[in-house]
Amino acid sequence: MAHPDGKHIFGTVKVGTKGQIVIPKEARDIFNIQPGDSLLMLGDEKQGIALVKQELFFEFADAILNSKSIKETDKE
């Protein structure tokens, strides 16, 4: 079954007794996740959870915080 570009289904993972999961190798390869990397876990009670590489999240947040404010133009 084809999927949209950039979208993936990696299968299922089981949560161990200590709450740990194993990130599938294909996902680690695609997202360049290496041992020792820090991942930020985000959660939405209606949509679920997401993992984001911490460094990418901080780069994104930094870009937002350091962007110039957008001024609304007067509408006639």
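How many salt bridges does a search of the whole structure find? The search finds two, and both appear in the close-ups below, which are drawn from a predicted model.

**View 1. The whole chain, for orientation.**
Let's start with the overall layout. The chain has two helices and two strands, arranged along the sequence in the pattern α-β-β-α. Of its 76 residues, 4% count as buried. The accessible surface comes to about 7,700 Å², and carbon and sulfur atoms account for 55% of that area. Among contacts between residues at least 6 apart in sequence, 2% join residues at least 24 apart.

**View 2. A salt bridge within helix α1 links Asp 29 and Lys 25.**
Here the two side chains meet at 2.8 Å, N to O. Asp 29 and Lys 25 are four residues apart in helix α1, so about one helical turn separates them. Asp 29 is partly exposed, with a relative accessible area of 49%. Lys 25 has a relative accessible area of 53% and is exposed, because the cut-off for that class is over 50%.

**View 3. A second salt bridge joins Asp 37 and Lys 53.**
In this close-up the N to O distance is 3.4 Å. Asp 37 sits in the loop between α1 and β1 while Lys 53 belongs to strand β2, so the bridge ties together parts that are 16 residues apart in sequence. Asp 37 is partly exposed, at 29% relative accessibility. Is Lys 53 buried or exposed? Lys 53 is buried, with a relative accessible area of 12%, because buried means under 20%.

**View 4. The surroundings of Lys 53, in strand β2.**
Stay with the lysine a moment longer. Strand β2 covers residues 48-53. Setting aside neighbours within four places in sequence, Lys 53 is in contact with Phe 31, Asn 32, Ile 33, Asp 37, Ser 38 and Leu 39. One of these contacts, Asp 37, is the salt-bridge partner shown in View 3.

**View 5. Gln 54, in helix α2.**
Helix α2 covers residues 54-65. Gln 54 is partly exposed, with a relative accessible area of 30%. Not counting residues up to four places away in sequence, Gln 54 touches Ser 38, Leu 39 and Leu 40. For Ser 38, the C-alpha to C-alpha distance to Gln 54 is 5.6 Å, across 16 residues in sequence. Ser 38 and Leu 39 are also among the contacts of Lys 53.

**View 6. An aromatic pair formed by Phe 10 and Phe 31.**
The structure holds one aromatic pair. Phe 10 and Phe 31 meet edge-to-face, with 6.4 Å from centre to centre and 75° between the planes. Phe 10 lies in the segment before α1 (25-30) and Phe 31 in the loop between α1 and β1 (39-44), so the pair ties together parts that are 21 residues apart in sequence. Both rings belong to partly exposed residues: Phe 10 has 28% relative accessibility, and Phe 31 has a relative accessible area of 44%. Phe 31 also appears among the contacts of Lys 53.

**View 7. A nonpolar patch on the surface.**
Which residues make this patch? They are Val 13, Val 15, Ile 21, Met 41, Ile 49 and Leu 51, and the patch has an area of about 580 Å². One of them, Val 15, is found in the segment before α1. At 61% relative accessibility, Val 15 counts as exposed.

Technical notes
Residues numbered from 1 in each chain as written. Predicted model: local features only at pLDDT ≥ 70, side-chain atom pairs only at ≥ 80, totals over all residues. Heavy atoms only, no water. Phe/Tyr/Trp six-rings, centres within 6.5 Å; stacked < 30°, edge-to-face > 60°. Buried < 20%, exposed > 50% of the residue type's maximum accessible area, 1.4 Å probe, protein only. Patch = residues over 30% accessible without salt bridge, like charges linked within 9 Å, V, L, I, M, F, W, Y side chains within 5 Å. Areas by Shrake-Rupley, 256 points an atom, 1.4 Å probe, with all protein chains shown as cover. Salt bridge = Lys/Arg side-chain N within 4 Å of Asp/Glu carboxyl O. Contact = heavy atoms within 4.5 Å.
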